[in-house]
Amino acid sequence: MLRILAAAALILAGLTSVALTQETRPPEVAGLRGTAPLADNSDSPRMPRVEDGAMRRVRNYPEQPPTIPHHIDGYQVDRNANQCLSCHARARTGESGAPMVSITHFMDREGQFLATVSPRRYFCNQCHVPQVDARPPVENDFVDIDSLINPTGRQ
Ligand code: HEC
Ligand code: HEC
């Protein structure tokens with residue numbers, strides 16, 4: 001009987017000490033900001049390197065805005081000027097060798113084609129981002145539609 005009581009007392013003591021340490025130390029949470037305690041600042045993640053002059057990346061689905069295979073540091077895009085269009089506008093592609101913005105960029109919200117790039121496609125960086133060597137912060141099991149239709153990969 002005594003032994004059982006002693007064991008029970010030990011277990012109880014153990015539990016209280018666990019409860020106490022949990023109370024004094026905030027729980028470790030491993031979210032996107034790492035395991036830094038909630039009250040502290042976490043270390044800033046490394047700035048990813050921009051792939052300049054890189055190969056174009058395959059789009060994950062046809063409607064994806066293609067990623068930008070070159071740096072865009074200091075390219076002005078505001079009310080006064082759009083430096084992207086100085087290469088990607090239809091009339092500029094001859095000298096720049098850049099692909100023309102596609103026809104969807106001339107459409108207004110009713111699907112009407114305008115003479116110039118539509119205001120809703122003016123701020124290029126709303127949708128297009130430069131390619132960087134970043135790892136996805138959250139794992140995902142996205143499957144390309146081609147692999148879904150044709151899992152063997154044979155044409
Ligand atoms: C000096 C000319 C120049 C400027 C300025 C420029 N680009 Fe480009 N861009 C190019 C060229 C050339 C390519 C094609 C590169 C290749 O095929 O390897 C390209 C490729 C791209 C692509 C990939 C297209 C595709 O089909 O994969 C996107 C998106 C793009 N640029 C967006 C932008 C945006 C947004 C800006 C402004 C922030 C910009 N570019 C400014 C010359 C330019
Ligand atoms: C609202 C989102 C959005 C904005 C803003 C936008 N784009 Fe796009 N862009 C897309 C999407 C989506 C595609 C791929 C499907 C398509 O062509 O519409 C694309 C395709 C492209 C392509 C590839 C064209 C081709 O035929 O392969 C280029 C180059 C491009 N955009 C450049 C630009 C430039 C330069 C700007 C700024 C003047 C711009 N885009 C603004 C969404 C956008």
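**Two ligands and the pockets of a predicted model**

Let me begin with one contact: an oxygen atom of ligand 1 is placed 2.9 Å from an N or O atom in the side chain of Arg 56. Please keep in mind that this is a predicted model.

I shall stay with ligand 1 for a moment. There are 20 residues around ligand 1, and those that come nearest are Arg 56, His 70, Cys 84, Cys 87 and His 88. Two of these histidines make polar contacts of their own. For His 70, a polar side-chain atom lies 2.8 Å from a nitrogen atom of ligand 1. For His 88, the distance from a polar side-chain atom to a nitrogen atom of ligand 1 is 2.7 Å. Sorted by class, the shell around ligand 1 holds 10 nonpolar, eight polar and two charged residues.

I turn next to ligand 2. How many residues surround ligand 2? The number is 22, and the closest are Ser 102, His 105, Cys 124, Cys 127 and His 128. Here, too, an arginine has a part in the picture: a polar side-chain atom of Arg 59 lies 3.0 Å from an oxygen atom of ligand 2. The side chain of His 105 has an N or O atom 2.8 Å from a nitrogen atom of ligand 2. His 128 likewise places a polar side-chain atom 2.8 Å from a nitrogen atom of ligand 2. The shell around ligand 2 comprises 11 nonpolar, seven polar and four charged residues.

Where, then, does ligand 1 sit? The space that ligand 1 takes is the largest pocket. For ligand 2, the space taken is also the largest pocket. This pocket contains about 950 Å³ of space. Its lining is made up of 39 residues, and Pro 66, His 88, Pro 99, Val 101 and His 128 lie nearest the centre. His 88 is thus both among the residues nearest the pocket centre and among those nearest ligand 1. His 128, also named near the centre, is one of the closest residues to ligand 2. Helix α2, residues 85-88, supplies the largest share of the lining, namely four residues. By class, the lining has 18 nonpolar, 15 polar and six charged residues.

Let us now move to the second largest pocket, which has a volume of about 240 Å³. The residues that line this second pocket are Arg 57, Val 58, Asn 60, Gln 64, Thr 67, Val 129, Pro 130, Gln 131, Val 132 and Ala 134. Five of the lining residues are nonpolar, four are polar and one is charged.

From that lining I should like to single out Gln 64. Gln 64 is found in the loop between α1 (2-24) and α2. Is Gln 64 buried or exposed? Its relative accessible area is 12%, under the 20% limit, and Gln 64 therefore counts as buried. A polar atom of the Gln 64 side chain lies 2.7 Å from the backbone nitrogen of Asn 60, and Asn 60 is itself in the lining of the second largest pocket.

I close with Phe 123, located in the loop between α3 (93-96) and α4 (145-149). Why is Phe 123 counted as partly exposed? The reason is its relative accessibility of 43%, since partly exposed covers the range between 20% and 50%. Along the chain, Phe 123 and Arg 79 are 44 residues apart, and their C-alpha atoms are separated by 9.6 Å.

Note on methods
Residues are numbered from 1 along each chain as its sequence is written. Chains are lettered from A and ligands numbered from 1 in the order in which they are written. This is a predicted model: local features need pLDDT of at least 70, side-chain atom pairs count only at pLDDT 80 or more; totals for chains, interfaces and linings use all residues. Side-chain values use heavy atoms; hydrogens and water are left out. On a 1 Å grid over the protein atoms alone, a cavity is a set of points where a 1.4 Å probe fits but cannot get out, and a pocket is an open set with protein on both sides within 12 Å along at least five of seven lines; lining residues have an atom within 4 Å of a point. Grid points are joined across faces, edges and corners, and a volume is the space filled by probe spheres set on the points. Helices (H or I, at least four residues) and strands (E, at least two) are DSSP runs, numbered from the N terminus. Ala, Val, Leu, Ile, Met, Phe, Trp, Tyr, Cys and Pro count as nonpolar, Asp, Glu, Lys and Arg as charged, and the others, Gly among them, as polar. A residue is near a molecule or strand if one of its heavy atoms lies within 4 Å of it. A polar contact is a pair of N or O atoms within 3.5 Å; within protein, one must be able to donate a hydrogen and the other to accept it, and residues adjacent in sequence count only if both atoms are side-chain atoms. A molecule sits in a cavity or pocket if more than half of its atoms lie within 2 Å of its grid points. Buried means under 20% relative accessible area, exposed over 50%, partly exposed in between (1.4 Å probe, protein chains only).
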